[in-house]
Amino acid sequence: MAEMMKKAVIFDLDGTLSDSIHSIKYSGDRTMERFGYGPFSEEQYKYFVGDGAANLVRRALSAGGDTELIHFEEAYALYREIFRENCMYRVRPYEGIPELLAALKAQHVKIAVLSNKPHAETVNVIETLFGAGYFDVIEGQREGMAIKPSPEGVFRILGQIGLGAEDLLYLGDTATDMKTGKGAGAFTVGALWGFRDRAELEEGGADAVIEYPLELLRFT
C-alpha cells in the first residue's frame with residue numbers, strides 16, 4: 001500500500017489512546033452531586049465527552065435538568081478542580097495501543113496527540129501512561145485556542161514536526177475527530193473501540209474505520 005504511506009499520525013486521547021471513561025464519570029458525578037444531579041451512566045458520559053470540558057459540563061447540567069445552565073460557571077470551575085486531581089482515575093491504554101505506538105516508532109513515523117482535554121491534564125495522562133518524551137508533540141485544550149473540530153490544532157502540530165497534511169493520518173473515535181482531520185486535509189480513520197459507533201464515524205467523514213489498533217498499520 002505504498003501510496004498510503006504516512007509520515008505522521010495524530011491521535012485523539014479519550015476513547016482512542018486511553019480508556020478514560022471512569023475518570024470522566026467520577027469527576028463529572030462528583031461535580032453534579034453538588035447541584036443535586038446525577039449520577040449519570042458511562043454511556044451518557046460517552047456522549048457528554050469529546051468537545052471539551054465546558055461542553056461536557058453543559059451537557060451534564062442539561063441532562064440533570066438545568067437546561068438554562070444557571071449553574072454553569074460554578075460547575076465548570078468545580079469540574080476542572082476535581083478533574084485536575086483525578087484525571088488518572090482508573091485510566092489505562094486500550095489493548096493494542098502500546099504495540100501500535102511501538103510499531104509506528106519503529107517505522108520512524110511521527111506520533112502526536114490532539115485532545116480537547118485541558119492541556120495540563122492531557123500531558124499528565126500521556127506522560128503517566130507512556131512516559132515523558134514518548135510522543136513527538138502533545139496538544140491539549142489551551143485558553144484562547146480553538147478546540148476540535150477546528151483544524152487549528154492539527155496545523156499547529158504539523159508546523160512543529162515540519163510536515164504537511166498529505167503526510168498525515170488522523171485517528172479518533174468521534175465525528176468531531178473525523179471533522180477535525182478532514183478539515184485539515186488529512187486521511188481520517190475512525191476507532192471503533194472508543195466512545196462512539198460506526199455510523200457516527202462514517203457520517204463524520206471517516207476515510208476508513210477499524211476495530212483494533214494494530215489495523216492502523218495497513219495505512220502506514
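**Helix packing and internal cavities**

In this predicted model, the axes of helix 1 (residues 21-33) and helix 4 (residues 72-86) come within 9 Å of each other and cross at roughly 140°, where axes are lines fitted to C-alpha atoms, for helices over the stretch in contact, and angles run from 0 to 180 degrees between N-to-C directions. Helix 1 is therefore oblique to helix 4, given that angles under 35 degrees count as roughly parallel, over 145 as roughly antiparallel, 65 to 115 as roughly perpendicular and the rest as oblique. The contact (heavy atoms within 4.5 Å) involves residues of helix 1 including Ser 23, Ile 24 and Tyr 26, and residues of helix 4 including Ala 75, Leu 78 and Tyr 79.

The structure also holds two cavities of 30 Å³ or more, a cavity being a set of points on a 1 Å grid over the protein atoms alone where a 1.4 Å probe fits but cannot get out, with lining residues having an atom within 4 Å of a point. The largest cavity has a volume of about 200 Å³, and of its 20 lining residues the closest to its centre are Asp 14, Val 49, Gly 50, Asn 116 and Lys 117. Strand 4 supplies the largest share of this lining, four residues.

The second largest cavity encloses about 80 Å³, and Asn 116, Gly 140, Ala 146, Ile 147 and Arg 156 are the closest to its centre among the 13 residues that line it.

Residues are numbered from 1 along each chain as its sequence is written. Local features need pLDDT of at least 70, side-chain atom pairs count only at pLDDT 80 or more, totals for chains, interfaces and linings use all residues, and side-chain values use heavy atoms, with hydrogens and water left out.

Methods:
Helices (H or I, at least four residues) and strands (E, at least two) are DSSP runs, numbered from the N terminus. On a 1 Å grid over the protein atoms alone, a cavity is a set of points where a 1.4 Å probe fits but cannot get out, and a pocket is an open set with protein on both sides within 12 Å along at least five of seven lines; lining residues have an atom within 4 Å of a point. Grid points are joined across faces, edges and corners, and a volume is the space filled by probe spheres set on the points.
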